Every structure is written in C-alpha cells, then in structure tokens.
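Reader: Before I rely on the terms used for this structure, I would like to see how they are justified. Could you take me through the reasoning?

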Protein chains: 2
Amino acid sequence: MANLNLIKQLATASGGKIILLVMDGLGGMPMTPDGLTELETANTPNMDRLAREGCLGGSHPISRGITPGSGPAHLSLFGYDPVAIPVGRGVLSALGAGIPIKAADVAARGNFCTVDADGLITDRRAGRISNEAAAPLVEKLRTIQIPGVNLEVRLEQEYRFVLVISGEGLNGNLADTDPQVTGKAPYPAAALVPEAEKTAAIVRQWVDAAADILKNDAPANMVTLRGFGQPPDLPTFQDIYHLKAACVAVYPMYKGVARLAGMDVLPTGNFTPGQEFQVVADHWNEYDFFFIHIKYTDSRGEDGNFPAKAAVIEQVDEALPILLNLNPDVLIITGDHSTPARLRAHSWHPVPTLLWAPATHLPDTCQSFGERETQRGGLSQFPASDLMPLAMAHALRLNKYGA
Amino acid sequence: MANLNLIKQLATASGGKIILLVMDGLGGMPMTPDGLTELETANTPNMDRLAREGCLGGSHPISRGITPGSGPAHLSLFGYDPVAIPVGRGVLSALGAGIPIKAADVAARGNFCTVDADGLITDRRAGRISNEAAAPLVEKLRTIQIPGVNLEVRLEQEYRFVLVISGEGLNGNLADTDPQVTGKAPYPAAALVPEAEKTAAIVRQWVDAAADILKNDAPANMVTLRGFGQPPDLPTFQDIYHLKAACVAVYPMYKGVARLAGMDVLPTGNFTPGQEFQVVADHWNEYDFFFIHIKYTDSRGEDGNFPAKAAVIEQVDEALPILLNLNPDVLIITGDHSTPARLRAHSWHPVPTLLWAPATHLPDTCQSFGERETQRGGLSQFPASDLMPLAMAHALRLNKYGA
C-alpha cells in the first residue's frame with residue numbers, strides 16, 4: 001500500500017508527462033472453459049505492441065476477493081486508501097448526478113416511498129415509479145427553500161434521488177430516516193454527534209416540507225433519506241504528487257471523483273474514445289497528468305454483452321495513436337475493476353494493467369495485452385494504490401528515499 | 001512486511017548456516033529496447049545453475065516505485081522497516097566515513113562555507129574546495145576539545161565533513177545551522193526538544209571554536225551543520241534472529257549498517273569478490289550468518305558503464321565456488337536495490353533475488369539468473385524485509401506459529 005506521506009516528501013515538481021487511461025470494468029472472463037476473455041478476444045494491435053515493449057501486471061483495487069464500486073476503485077487508482085477514506089452513498093450519488101459537491105456539503109440518497117393515512121410506510125420504493133413519473137416530483141422538491149442553506153435535488157433513477165445541502169457548519173453524521181421495513185413511519189432525521197444537530201434540524205424541516213408537497217402524489221407521497229455524508233477532504237494531486245492534473249471523462253461520477261482529487265475537469269460531451277483522446281491532445285501542454293475514463297467497457301460488461309465489450313476495447317485501441325503521437329513519458333492502460341460479461345457485474349478479479357514508459361520501463365516477456373499475459377508480467381500483482389507511485393517513478397518524478 | 005516481534009518469538013538458536021550475498025545495485029535494464037540487462041548479459045554459469053536448482057523472485061526495498069538509498073535498502077534486507085526507522089543524513093555520513101557510531105552518539109553533516117566580514121554566508125560550499133585543501137582544515141577541526149564529550153571529525157568529500165559527538169545524555173533533535181541560502185549568517189545550533197538543550201550548547205561551543213580556528217582560511221572560513229541525529233537503537237541479529245552474524249564488506253558505510261544490526265565486522269582491505277569470499281571461508285565455523293557486500297556493481301551502474309557492471313557480476317560468479325565449497329544451507333544472492341547503467345542511478349525496479357537452499361527450497365521453473373527469469377520465479381515479488389524470514393525458514397531456524 002502506497003504511503004502518501006512518503007510520496008509527498010519525495011515528489012518533485014518536474015519530470016515526465018503521464019497518461020492514466022482507465023477502461024472501466026476492463027477485466028473479464030472467458031464465457032466458456034476454453035474461451036478467451038473480452039480483452040484477449042479484442043483485436044488490439046496497438047496495445048499488444050505496447051505490451052511487448054513495456055510491462056504488464058494485475059492490480060487489486062481494495063484487496064484480494066473484494067469487489068469494489070467505482071468510487072473506491074478510482075480512489076485506489078489515484079493512490080488513496082479506499083478503505084481508510086470511506087465515501088458515503090449520498091456523496092457517490094451526488095458525484096454520479098454531476099453535482100459539484102464540496103467538502104463542506106452534506107449529501108444523502110433519497111427514496112420516494114408510499115405511506116398510509118397514519119404515515120406508516122406501505123411501499124419503500126413507491127411502486128418503483130418510472131423516471132418519467134419521478135421527474136416532475138423532483139421538480140417539486142427543488143422548490144423547497146430553507147433559510148441559510150442551498151438545496152440541490154436531482155433524480156438518480158426511478159424512485160431514487162439525491163439531496164445535497166450546502167451551507168455553513170454542516171455535519172453529515174446523521175442516521176438514516178429509512179426504517180428499512182414497511183409498517184413503520186420514516187424516522188425523523190437524527191444527529192449521531194452533537195455537531196450534527198443543526199444539520200438534523202434542517203433535514204427534518206426539508207422532509208416535512210417534502211411530505212407536504214407530495215401528500216397528493218401517491219404512490220410517491222413521502223420520502224426517506226439514507227447514506228448521509230460529506231465528501232472526503234482529500235489531499236490533492238497537486239499536494240501529493242506535485243502534478244497539474246486533468247480529467248477527461250464522459251460520465252459525471254468520474255468527473256466528480258477526479259474533482260475531489262483536485263484535477264481540472266476538461267469539457268466533454270457524449271464522446272467516443274477518439275474524441276476523448278483529442279481533448280487530451282488539445283490540452284497537452286497545459287498539464288503533467290491526464291486521467292482518461294472510458295465508460296462503456298463496464299456498461300457492456302454489466303449488460304453481459306461480451307462482443308460489445310470487446311468492440312469498445314477495439315475502439316479504444318484504434319484511437320490510441322492519438323495519444324501515442326503526443327509521446328507521453330508514461331502511459332498506463334488499465335481498468336478500475338473487472339466487469340466480466342459472464343458475471344454481468346463488477347468483480348474482484350485482478351485488473352489487467354499495462355505500463356509503458358520507454359525511457360524507464362523494465363520490459364518483461366509478455367507478447368500481448370490480456371489477462372493471462374498479465375499473470376506472467378513484470379509488474380506482478382499489486383495493490384491498485386501502488387500504481388500512482390509506479391507512474392511517478394517511471395516519469396522520474398520521485399527523489400530517492402534516504403542516502 | 002516482516003513482523004520482527006513474531007520472528008523473534010519463533011526464532012531458534014540452532015539450524016542451518018546462511019549466506020546473504022548482496023551485489024549493490026544489482027538490478028538493471030536493457031540499454032536498447034530489444035537488449036538484455038547487465039545480469040542477463042553477464043556469463044554466470046554458477047548463478048544460473050543455482051537458479052535452475054533453487055528459486056527466484058524480485059524484491060521491493062521500500063514499496064513499489066520508491067527508489068531507496070543504500071541505508072534504508074540495507075535496513076530492509078536485514079528485516080527492519082526502513083520507513084519506521086529513519087536514519088539521519090549525519091548518521092549515514094558517519095557510517096560512510098567508518099566512524100563506529102553508537103546509539104548514544106549524535107552525528108551531523110558539515111559543510112565548509114565562506115562568510116564575509118559581517119559573518120554572512122557568501123558561498124555555502126566554500127568554492128567546492130578539493131579534498132586536498134579540505135584535509136588540513138579537518139585536521140584543525142579535530143583539535144577542538146570540549147570537556148565531557150569526545151569529538152570526531154572526518155572528511156567526507158571536498159567541502160563536506162562529518163561530526164560525531166559522544167558522551168552522556170546527548171540528544172540529536174537539533175535544527176540545521178545551515179540557512180540554505182547565501183546572505184544570511186549560519187543559525188546558532190538550536191534544540192528542537194528541551195532534552196537537546198545540552199547538546200545544542202555543546203554544538204554552539206564547537207561551532208564558535210571552529211569559526212575561530214578557520215577565520216584565516218577563506219574561502220573555507222566557517223562551517224554549517226545539518227542532518228543532526230542519533231543512530232537507531234535497532235534490535236540486533238542476535239536479539240531477533242538468534243544468529244551470530246558477521247559482515248564482510250569493503251566500504252565503510254555497509255560495515256556501519258551491519259554494526260548497527262549487531263554484526264561482527266570482519267577485517268578486509270580493498271578486496272576482490274574472491275578475497276571477500278575467502279574471509280567468509282576463514283571464519284566459517286565462527287558464525288551462523290554472513291552478510292557479504294559487493295560494492296562495484298553499483299559503482300559501475302552509477303557510472304553508466306554497462307559492460308563493466310556485467311564484468312563485476314561475472315567476477316562474483318567466478319569466485320562463487322569458494323562459497324559453494326562451504327556447503328551453506330541457505331545462499332541468497334541479491335542486491336539492495338537496482339542501479340541500471342541506463343539510468344546511471346539507483347532505481348525502483350524490483351531487485352533480482354536468488355534463493356538456494358538445497359534441503360528446503362521449492363524449485364521453480366527458472367533456468368538462469370536474470371530480471372526476466374525472476375518475473376516468473378517461485379518467490380514472486382515481495383517486500384525486501386521478508387527476505388530474512390525466508391532465509392531463517394529455509395535454514396529451519398523458525399518454529400511453527402501456533403499449534
């Protein structure tokens with residue numbers, strides 16, 4: 001596990017340029033006992049060349065056997081300890097919804113639910129109402145105002161929304177209001193520490209207003225809140241690594257995590273990999289470090305669509321010359337976790353990692369980029385949080401420790 | 001990371017004999033993309049046979065991506081935690097200068113500098129005076145006496161010297177006197193904790209005497225001191241491993257680190273590897289453990305002289321039968337860190353490690369001793385501080401943990 005205090009002591013302000021290219025959920029599995037994985041199946045002449053020249057390995061985002069969500073997995077890729085820095089569901093939802101949440105804010109996940117005439121919950125998910133049904137209700141909730149704070153409400157999906165409170169002296173140590181069973185009333189928001197009393201009072205006021213606004217909107221005639229929390233106050237990439245860092249991502253969640261790490265988030269749209277790479281090229285001279293996030297490898301893995309996931313990998317490979325033409329000193333191609341189409345879900349399998357740094361890498365004997373090649377790679381298996389120290393070392397951006 | 005308390009509980013007083021042969025800076029890199037490393041290039045029939053019979057791996061002296069100095073790297077090889085046990089610059093310089101520094105002593109690095117008539121520094125390095133010019137000045141400094149303490153001064157190189165103070169109740173928590181800029185006077189030595197007041201007063205007295213002695217020796221008419229510290233009070237090899245341990249090294253620094261670990265330092269001169277091995281043979285019956293240090297692999301790596309580094313490795317291989325004829329139970333051949341000739345510097349790359357213990361090793365499929373063979377070795381990659389527990393285990397010197 002990387003020691004960020006040590007890295008911070010050793011990091012220099014000059015050195016090579018680093019690209020961290022993350023294909024979300026990159027790692028896969030064969031669909032049949034004798035088959036190949038998605039990455040092994042994909043035709044990736046550029047990555048295979050980089051694999052022959054550089055070195056491979058497999059990373060563990062948290063530790064062996066632990067399947068990470070995207071939040072902790074990215075914290076680990078960025079060098080943070082994802083277990084020591086828990087990020088609440090509310091904060092992850094806020095990041096996912098693209099709300100530019102700050103360390104002083106408090107976020108919670110909300111559910112629309114159904115209550116009876118006595119205020120007891122009869123359906124914790126309000127009949128799983130559709131996005132279309134939920135959208136106007138969220139608009140109603142957005143009209144609630146409480147003096148002294150700013151309130152942001154966004155629809156997450158179906159019956160789920162996210163609430164973010166901004167203001168002075170807030171504290172996210174609140175208990176869930178969701179009793180997790182039907183037949184009970186939602187709990188009034190309660191502080192878990194004295195410092196959170198003010199925030200609890202604000203939340204109670206907001207929930208009362210929400211109950212009033214929604215009272216005729218059955219089945220969605222009430223709300224519950226859970227996963228209260230505040231974003232971790234992370235030391236930034238500038239602080240730790242002395243890197244001027246930029247993020248190129250299409251999904252809000254990844255932009256949000258990058259922002260927490262102090263990266264500049266460069267403007268994008270619903271871009272192809274090639275278009276994302278072009279953003280890097282357009283800003284090449286402004287930054288030392290680029291984090292590029294490719295979403296659809298994970299999406300197709302979660303769909304269980306093996307050929308479509310392999311096709312996304314091929315699309316990335318085909319666009320890779322845009323990055324290679326920039327002559328990065330260090331190029332790392334990896335995932336944040338594995339999402340085998342066979343499992344249709346995130347998994348705990350080691351994440352394929354390719355490190356290419358022509359002036360400093362120690363080549364291994366790997367011939368192509370694929371899960372089984374990484375198993376004999378020169379990087380071995382390692383905690384994902386060691387990847388940034390490796391990137392820094394290969395960019396000659398770390399001084400020697402001791403004499 | 002080795003748990004020394006656990007090892008200490010499990011270590012037995014009997015078992016096999018262990019040789020730890022350290023070629024400083026052993027790990028290398030190819031000079032060209034398709035080339036071999038120094039170790040892969042060297043003709044090493046003896047090591048290759050041991051590699052076929054035993055098992056290989058790669059060690060990380062500190063953690064992935066961190067380039068160590070020789071001090072921390074050797075602490076790690078000896079099983080200590082090199083980050084938890086910081087060793088100050090002054091102590092490393094004292095060890096390097098061959099001063100037999102003890103845990104109660106305080107050491108500092110000194111610079112000769114130039115001050116003007118107002119005592120302000122005009123050159124922090126006294127015009128980088130030569131060894132020849134500095135030697136008589138160091139002799140002058142050696143005449144300074146302060147009641148109650150012993151003082152040792154040695155030239156390190158050019159304008160750099162080392163000061164060691166021995167006596168009762170000393171404390172090394174002192175601020176640097178070097179202001180790090182010109183135009184300021186050197187700071188008077190200042191205690192960082194109340195317990196260091198006495199030491200600070202001694203240092204101020206010494207600096208005043210030095211200023212007086214040097215006043216007509218411009219450009220070297222003053223001194224600054226930095227990196228004050230005391231040697232770590234390490235548990236010894238006898239304490240932890242129950243090993244009677246000896247060191248065979250040519251350079252003072254490595255003898256010093258071995259002495260800190262409680263090893264006997266056997267007499268040597270400017271010896272070849274074969275001559276160093278003969279010292280082991282001469283003392284074979286007196287010790288359980290021998291640490292042998294070969295310096296010139298690192299020196300030639302730092303020179304960027306690839307063929308000369310490979311030649312040192314060949315010299316070691318050629319002399320290896322002297323050690324093999326002793327029938328050691330465990331022979332480990334490794335480095336303290338990598339020093340690729342290509343980088344002309346220490347590096348972070350995993351350190352090639354060969355473990356040969358004919359009665360206890362589990363052979364792997366490696367066919368020769370080289371970086372890329374180690375990548376598929378049976379030892380995998382591991383923290384260098386795990387090497388001593390492995391050595392102890394293979395010598396059948398560790399009891400079972402629990403029932």
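**Reasons behind the terms**

Author: In this predicted model, helix 6 of chain A and helix 7 of chain A are oblique to each other.

Reader: What makes helix 6 of chain A and helix 7 of chain A oblique to each other?

Author: The axes of helix 6 (residues 131-141) and helix 7 (residues 197-214) of chain A come within 10 Å and cross at roughly 130 degrees. Angles over 145 degrees count as roughly antiparallel and those from 65 to 115 as roughly perpendicular, and the pair is therefore called oblique. Helix 6 of chain A passes helix 7 of chain A in a right-handed crossing.

Reader: Which residues of helix 6 of chain A and helix 7 of chain A meet?

Author: From helix 6 of chain A come Leu137(A), Lys140(A) and Leu141(A), which meet Ala210(A), Ile213(A) and Leu214(A) of helix 7 of chain A. By class, this contact has five nonpolar residues, no polar ones and one charged.

Reader: What makes strand 9 and strand 13 of chain A edge strands?

Author: The open sheet of eight strands in chain A has the order 9-8-10-1-11-12-2-13, with mixed pairing. Strand 9 (264-265) and strand 13 (380-383) of chain A each pair on one side only, and these are the edge strands.

Reader: How do you know that strand 11 and strand 12 of chain A pair?

Author: Pairing requires at least two bridges, and strand 11 (residues 330-334) and strand 12 (residues 351-356) of chain A have three, in the antiparallel sense. Within strand 12 of chain A, Leu354(A) is the residue that Ile333(A) stands opposite.

Technical notes:
Residues numbered from 1 in each chain as written. Chains lettered and ligands numbered in written order. Predicted model: local features only at pLDDT ≥ 70, side-chain atom pairs only at ≥ 80, totals over all residues. Helix = DSSP H or I, 4+ residues; strand = E, 2+ residues; numbered from the N terminus. Axes fitted to C-alpha atoms, helices over the stretch in contact; angles between N-to-C directions. Parallel < 35°, antiparallel > 145°, perpendicular 65-115°, else oblique. Left-handed = near helix turned anticlockwise from the far one by under 90°. Contact = placed C-beta atoms within 7 Å. Nonpolar A, V, L, I, M, F, W, Y, C, P; charged D, E, K, R; others polar.
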